[in-house]
Every structure is written in C-alpha cells, then in structure tokens.
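Me: Please examine the following model with me and answer a series of questions on its architecture.

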Amino acid sequence: MMRARSLLRPASVVECPLDNGCATSYPLQFRGHSMTIRDAVGCTWLIVCVACAGPAASPQAVAVDTSSGTTNGADTAVHIPPSGLADGTAVAMAPDTAADVPISKPDAPPAPGTFGAPCQANGDCASGYCVPGPAGKLCTQGCVDVCPEGFACTALTGTADVTYVCVARWLHLCDPCEADAACADLASGGGARCLSYGDDGSFCGTPCQQEADCPKGFACVAEGGTGGQCRNVSGLCTCSAAAVGAKLATSCHHSSAFGTCDGVRGCSEAGLSACTAPIPKAEACNDQDDDCDGATDEDIAPAPCVNSNGHGVCAGQTACEKGKVACLGAVPAKETCNGQDDDCDGAIDESACDDGNSCTEDACNISLGGCLFAQVTKPCNDGDVCTTDDTCKAGKCLGDPVSCDDGDACTLDSCGAATGCTHAAAPGASCDDGKPCTAGDTCAASGCAGTLLADGATCTDGNKCTLAAECQSGTCTVMETSCSDGNPCTDDACDSGAGGACKHF
Ligand SMILES: [Ca+2]
Ligand SMILES: [Ca+2]
Ligand SMILES: [Ca+2]
Ligand SMILES: [Ca+2]
C-alpha cells in the first residue's frame, strides 16, 4: 500500500499529553546517551499519539513536518492548536513551565518480534522487517512519518509497493572508517561521510541540517560543501556493538614537531584501541625511521670523533651506518715508510725504519726504495757484562772479554752474564806465600801458607849479587857474594839495583 507522507506545517512543536494511552516506550539509547520521551519525541510524538488514539484520528489529517528534523530537545513547548486550523497556520507559543518528565525505560527487553527486539531475519519480526542497528539487527516497525528517537522513517525500495519503516538514523555514526562507503546507511541514503578527526583517525558522520538532527554529544558541522554532518564533540568516538562485531578499524596518526607517524586503531571487545602509530621523534642512528618520513637514519649530522688503539689516536667524523654510529677516518697504525702519518701523531714516517740494531743508522727514503740501514762504527753496548770496550764492527756490536783476574791464586776467577766477575775460594790450590824459606805453599782458609825449610837449606833472596844463601830459622841468609876481581887496587861491589852487576872502583 502506498502511503503518502504528511507534509506542510513547518517546524512547529506540539506537546503531547503523557496519558495519551500510548504504551509505546522504547529502549532508546545511542552510544550511552539515554533519552526521555520528551527528548526523543518532541513534536513527532504527536503523530504517534494520533495513531494510537484510534481510527477516529486519521494520521493523514495531521500535518507535521518530520522531514526537516523535528526532533527537538528544546524546552519550548506549545499547546496543541485548536482543531480546524489550516495547514501552515501560526500557533500561539506559551512558555513551558513543566519540568521534563523522564520516562523510565522498561526493565524487561522488548518481547521477541516487537520493535527493538534483536533479530536475525525478517521472519523473526512481527512487522516483517529486521534492520541493522548500532547494537546489532533489530525488529523495526512500519511508519508514516515519524519514528522513535534515533530512527528515521525511510522508504524501503525493491518492494512492490514503497514501504516505509523505521531505520536507525545513526547506524554507523562514529564507526571507524576509511571511506564514505563504509558509512552509507539506509536512513541517509548514502549521505553519511567518513570524517577525519585529525590524528585520532576517521569516523563516520551522518547528514544533518541542524543540531537537533544529531544525538547528544554531537554537533552538526558543515563539511566542505556537502552539507552538515553530525560530528562527535564529546571526546573520542567509541565502538558500537556492531562496530566491535565487524572489527572496524581506521587509519590514525601521531604527530609531533618531528613529523607524523601512521598507525591503525580498531574496535574490539575492549573498545577502541589506541593508535598503533609511534610518536615521531628526532631521527637517531638506530636503523629506524624515527620521524616517519619514509627515510631511515637520514640527515644525522656528523660530529667529531676519534679512532684510537695502541698505535695512537686519529681524528674522524661520525656517520650512521646500518643503525650504528661509526667514526669515519684513519685508524692508527704502526708507522711505516710510506710517506704517510700512519699513527696520526703529526710526523710522517718517523721511526718507520727501526731494525733494532744500534750499529746501523736507520732512515726512510721513499725515493730510494724505503728503509735504509747504514752500518756505522761507534761505541756500543752489546749487553754482555763479560765483555768490555764494545764497538760496532760490520753492523754488529762486539766487545772484548772482561779480565776477572784478581791476582789471588787462592780464588777461582770467572765471569757470568748475570753476575759479572766472581772470585770463588779455591782451597788446596797451589800458591806462593812469597817466603823463600817455605815450600809446598797451599791455599787454606787463612790464606796461602807453606812449610818452613830446615836451617841450611838453600834459598834465594832474589838478589843477583848473592852467590849463595841458606835458610836460618826460616829466613834466607846471604852466605857469599861474587864480585871480587882479584885486584887489590880496586874496590869491588855488587849493584843489586843494576841487575846484580859487579862494579869495581
Ligand atoms: Ca626518517
Ligand atoms: Ca633512525
Ligand atoms: Ca707519525
Ligand atoms: Ca708512515
């Protein structure tokens, strides 16, 4: 059956009596906002009242504009105009002195098959219409113009007759989205857009003409030439049960002075997840794109640095290589004869040619082929304490053996590399006690001593002029000299100092 929509009277608000006999009371909630019937119905309730009043009041007889968003939560109410007013007749306004009367929600859920009851298929519903809602599919009802809060009277297409049923007005409002298509619903006829909420992500809006077209917590905001969209102004969007079931998600971002990083967030049983985007940071050398500009470890300023080891210290400049800070520059090396300052001490090829031989003169001469070692003759030290007068000869340091003779027959003289000359006692060794009247001189602890010769034993006093001498009590006594020339006219004498020569005066 084709049912004409009521039209004409503009945006008037009409108060309904609460005791109108309507039992209609729906579990109306949108994203946590509970409604009173006054909030929810406003003017549009009138047609519900009429419809419930019975056949005497024909819905078509009441002119109400529901197409312009007549759900109005304002506390301005007017009285029902006298019957017989022509459409469009202005009505007198009277202040509403009555307090809002909240209508409590029924404790019991809707009976199966009735409006608001969950459903899976049209056959589950008395009306024959199971439609999607923010909390899942629910049974709806047919309508002429008005529907409960949160529902819009919408023509169903694809049926033989155009049929109007109440469908959720804000089916996808605040759902995470990436494109407008995700926000399309029956009530808005494709007018819902996927709105950017900046870094927070993108969430569905629904078309609106005025604030009253949006649920509480939402504002009707002009969205770039396509009219208004309901936009959440009460904080971050939350996830509807349907959005959780569908695991809806949106791109999101984190921004800072260093850039913008992309991430995602989505709906789960725990609600809307945090954005996975990292916080953009100053690019650091870590093999990561810290500022999320698509380049990793870029534009990191070099800084002075040093490479050091046992050979020295070389200056360099830092660079980021594979996420690690490297010091680019020379690495100290042993100085070699190559025309370069290998150990970075400021001198080139110094000590580059050291053969460790003190008997050569080292030099580095690149043009002559590198290291040169010229033999020199000079005093040196061969490191051997048992040599002396060390001198370089043919490139080698050689010394003469040290004499360790202490002139004592009673010591054994020797030389060792560690000790130098040593003079060990030699008991029993033959020696000379310097006494002509002893014999068999032998070393003992008290020194060199011999055995006294018997008196009369021949001895030698060492004087050339002595012809004969003999021991007397251990003393060598001269017995006879030998310079007589037999000439009475001369005096004969022996000059011991002149080798025992006889002189005659
Ligand atoms: Ca980067
Ligand atoms: Ca980095
Ligand atoms: Ca050097
Ligand atoms: Ca060098």
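**Strands, sheets and selected residues**

Ser-484 is located in the loop that connects strand S27 (475–481) with strand S28 (492–495). Helices (H or I, at least four residues) and strands (E, at least two) are DSSP runs, numbered from the N terminus. This is a predicted model, in which local features need pLDDT of at least 70 and side-chain atom pairs count only at pLDDT 80 or more, while totals for chains, interfaces and linings use all residues. Residues are numbered from 1 along each chain as its sequence is written, and chains are lettered from A and ligands numbered from 1 in the order in which they are written.

Me: Is Ser-484 buried or exposed?
Reply: A residue is buried if 20 or more other C-beta atoms lie within 10 Å of its own, exposed if 12 or fewer, and partly exposed in between, with C-beta atoms placed from the backbone. Ser-484 has 10 C-beta neighbours inside 10 Å, and therefore it counts as exposed.

Me: What distance separates the C-alpha atoms of Ser-484 and His-504?
Reply: Ser-484 belongs to the loop between S27 and S28. His-504 is 20 residues apart from Ser-484 along the chain, and their C-alpha atoms are separated by 8.5 Å.

Me: Which residues have pLDDT under 50?
Reply: pLDDT is the predictor's confidence in each residue, from 0 to 100. Its mean for the protein is 79, and 77% of the residues reach 70 or more. The stretch where pLDDT stays under 50 is residues 1–104.

Me: How many strands does the protein have, beside its helices?
Reply: Buried residues make up 26% of the 505 residues. The secondary structure comprises three helices, and the strands number 29.

Me: Which strand does S10 join through five bridges?
Reply: Two strands pair if DSSP finds at least two bridges between them. Strand S9 (residues 207–208) is joined by two bridges, in antiparallel fashion, to S11. Strand S10 (residues 218–222) is also antiparallel to its partner, and Phe-218 stands opposite Asn-232 of that partner. The strand joined to S10 by five bridges is S11.

Me: Which residue of S11 stands opposite Cys-208?
Reply: Strand S11 (residues 228–232) is mostly covered, with four of its five residues buried. Gly-228 is found in this strand, and the residue opposite Cys-208 is Gly-228.

Me: Why does Gly-228 count as partly exposed?
Reply: Two residues are in contact if their C-beta atoms, placed from the backbone, lie within 7 Å. Beyond four places in sequence, the contacts of Gly-228 include Pro-207, Cys-208, Cys-220 and Val-221. Gly-228 counts as partly exposed because its C-beta neighbours inside 10 Å number 19.

Me: Which strands are the edge strands of the sheet S12-S13-S14?
Reply: This open sheet has three strands in the order S12-S13-S14, with antiparallel pairing. Each edge strand pairs on one side only, and the edges are S12 (249–256) and S14 (271–272). Strand S13 (residues 259–268) shares two bridges with S14. The edge strands are thus S12 and S14.

Me: By how many degrees are neighbouring strands turned in the sheet S15-S16-S17?
Reply: Three strands form this open antiparallel sheet in the order S15-S16-S17. S15 (304–309) and S17 (324–329) each have a single partner strand, so one side of each is left without a neighbour in the sheet. Axes are lines fitted to C-alpha atoms, for helices over the stretch in contact, and angles run from 0 to 180 degrees between N-to-C directions. With direction ignored, the average turn between neighbouring strands of this sheet is 50 degrees.

Me: Which residue is the bridge partner of Glu-321 in S17?
Reply: Strand S16 (residues 312–321) pairs with S17 over six bridges in the antiparallel sense. The bridge partner of Glu-321 in S17 is Lys-324.
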